[in-house]
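Dear colleague,

I am handing over the structure below, and my notes on its packing follow it. Please read them with the coordinates open beside you.

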Amino acid sequence: MQERYDFKNIEQKWQQEWDQKNIYYRPDYSDRPKYYCLEMFPYPSGKLHMGHVRNYSIGDVVARFKTMKGYDVLHPMGWDAFGLPAENAAMKHGVHPAGWTWENIENMKQQLKQLGLSYDWQREVATCHPDYYKWTQWIFLKLYQQGKCYKKTASVNWCPSCTTVLANEQVVEGACERCDSKVEQRQLEQWFFRITDYSQRLLDDLQNLSGWPEKVRIMQENWIGRSEGAEVKFKVSGSGEEIEVFTTRPDTIYGVTYMVLAPEHPLVNTITTGTDYEEDVSAFVKKVRNMSELARTTAEKEGVFTGAHCINPINGERIPILVGNYVLLEYGTGAVMGVPAHDQRDFEFAKKYNLPIRPVIQPEGTDMQSKELTEAYTGEGVLVNSGTFNGLPYKEAIRAITDKLEESNQGSGRINFRLRDWLISRQRYWGTPIPIIYCKKCGTVPVPEEQLPVVLPTEVEFDFTGKSPLVDNPEFVNTTCPKCGDEAKRETDTMDTFIDSSWYYLRYTSPKETEGPWNKNNADRWMGVNQYIGGVEHAILHLLYSRFFTKFFHDQGLVKVQEPFENLLTQGMVLKDGAKMSKSKGNVVSPEEIVGKYGADTARLFILFAAPPERDLEWSDRAVEGCNRFLNRVWRLYQSVLDEVKDAPTVKDANKLVGVHQELRRITHQTIKKITDDVEKRFNFNTGISAIMEQVNAIYTYRDKVPQSERNPAVMREALEATVLMLAPFAPHVTEELWQAMGYNDSIHQQPWPVYDEKALVEEEVTIVVQINGKVRERMLVPADYSADDMKKYVLDQPKVKQLTEGKQIVKTIAVPGKLVNIVVK
């Protein structure tokens, strides 16, 4: 065994050996119970950051621990490889997105290997490879065949600089999060997936995800946004048109004093064209359409009168119709009935435009009609100004008024969801081509499955406008119709990259499968993912889309499970100086730099020790150095006693051990129990590592205080073996080296997890405190099973206690077993 802990040679040596022996390969079937551990795969940006290191180190500890516990662990890695950054790099550096991406994948793969992560690289996938996106296109076709995919004209967030559609979440204060350009609203024909068909199931099944953080389940629940109410029809005066609105409060319908339409609502043109109001309304609509959805919902509420009116179906009242910036066509019906007395937003709008405010609910026993409202009343109460419904409690009125609307065919009870269908079209090049062909004779024609994949062409020209080169690529665009054989055009939009990441966990179960996206037997064996690990920023989109896909696959008989991820851990961020690491803040710490200076085991140990995994972690150079010193200390300990324990037998007649030998064995088995519980039940890696440090201290104490001739080599060897086995998931390289130095040939990472001896946990003696009149005077060892009376008798018989109480009257003696004896004297 080397004198010095040479981490560079040790880590390189074992990484090469693990690779050559392929020790992390997992066959499809085994007699052991399965465990699927998965970290969210990265976008191949070129370099790992500390957030990656934390995510993957957490997953690696879980995978290694479960392997040692006897599970057949699937622990794969791949690349979420399509996306806009590759195109930006192509324009900035004059490189092809494919070349840039594959080079980055190779760099990051080497970095992951340098961290000693236990991935089965034979299951590696990259979403930009035709063997992968062929099946992404196949999934698109399955959704299309089942009526879950459609195309329609929609208002979208458009970045003129990136020349693509942005999701609402990608618009920050009215600007593109990528390039800071002002976002515009455009009407484009777009492809959508009908995720809304699964709204109720997605909501109901959250209750089955007890292994997910509550905050993530709440975020999804709010995003799905189920609400119960009524859909009400308001007839437009002087025409046969109707305006449908959804309201959760039909009990307030007598208080409706105006109607507001979204600027995009098709009735706006109908009711204003050729009127005196057309010019003002058109100008307003044009202004609002250039605002993002976020800007519209956060800006001051504005509106303009259309000159038209509609009829309240419940009382026949004629009310004005306005167009407002805060009403969105994509949410609800694109129309909102104004009830200013009972909605603060409506109240402020009515005040601004001098619209009537009529209270229709008031607290029982009060009179709100005799005074002017200064704010909307949103509390409970009984109905007033509501015809035959006056005096009804508002909850009863909801049902009663809905019934009346249904009887007159002017409305009906309805459940509404905030969740919108998934817009998947992107006007980009570096993405999965949408497998659709447009024929003048046959219309929209899906590409036949046998013609998949629709291959993304590599011979393309990029310009600096950001326009997709597919549009101007005749070899790609021009094709023949698979139905009639005439000339046709391909769809030039590509798919949202969230589609790629919504099924990758299934591809890992059979990454080389050629007859389908996965082998069903393999998928049914490995799914669901037992532990999924990633950032909370993916709580909504990625996790929700993956749940939608899995339910769809289940309905098609493609998988047995209905939920992809049984347990979810959302790790915290890595901070420096109290802020998230970023180049702009100048507070980035490079993983390569830390690994080069201290080694991968130190980097892993720090990132796992510094904070519980779900909390943010503050970077500390001193703490990194402390972890490195600890590993050096472990190395020196083993070096100093290896010859002494190398040929020692296993512990025999453990019940005959006494004194320091018994104490060391007790600490060893208490540590095994604690770390097993910390890792298996709570993922408290930080407290587990702390327990290992205490265990190392205990071995040092035993070595230093007990003369070599009196040491028990078997007890010492057991302690050393247990320590290195427990440390192995956290620091895989140094522990592998120490395991070999102890005389073993098989990898430590293929050994069983140590099992604690229940009998060894029992303490024979405990230290108690002796107090006189409440002040601590002495500490002493007593048998652990002493009763209160035994403790009193033992303590009072001790010479030191007799000396302290000499000449005094003992009034009372109080004993707490295992803790203290307090002697009251006067």
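In this predicted model, W619 is in contact with M50, V574, L575, K576, M581, V589, I594, F606, I607 and V624, once its neighbours within four places in sequence are left aside. W619 also belongs to the largest nonpolar core, which has 175 residues, and is listed there with F140, F193, Y505, F549 and F730 as the members that touch the most others. Helix 20 (residues 621-645) supplies the largest share of this core, namely eleven residues. Apart from it there is a second, separate core of 36 residues, which includes I243, Y254, C310 and Y394.

Helix 24 (residues 732-741) takes part in two helix packings that you may wish to look at in turn.

With helix 19 (residues 600-609), helix 24 packs at an angle of about 120°, the axes being 7 Å apart, and an angle of that value makes helix 19 oblique to helix 24. A600, D601 and R604 of helix 19 make this contact with P732, H733 and V734 of helix 24, and the residues involved divide into three nonpolar, one polar and two charged.

With helix 23 (residues 713-727), the axes come within 9 Å and cross at roughly 150°; since angles over 145 degrees count as roughly antiparallel, helix 23 and helix 24 are therefore roughly antiparallel to each other. Their crossing is left-handed. Here E721, V724, L725 and L727 in helix 23 meet T735, L738 and W739 in helix 24, a contact whose residues divide into five nonpolar, one polar and one charged.

With best regards

Conventions. Residues numbered from 1 in each chain as written. Predicted model: local features only at pLDDT ≥ 70, side-chain atom pairs only at ≥ 80, totals over all residues. Heavy atoms only, no water. Axes fitted to C-alpha atoms, helices over the stretch in contact; angles between N-to-C directions. Helix = DSSP H or I, 4+ residues; strand = E, 2+ residues; numbered from the N terminus. Parallel < 35°, antiparallel > 145°, perpendicular 65-115°, else oblique. Contact = heavy atoms within 4.5 Å. Nonpolar A, V, L, I, M, F, W, Y, C, P; charged D, E, K, R; others polar. Core = buried A, V, L, I, M, F, W, Y, C linked by side-chain atoms within 4.5 Å. Buried < 20%, exposed > 50% of the residue type's maximum accessible area, 1.4 Å probe, protein only. Left-handed = near helix turned anticlockwise from the far one by under 90°.
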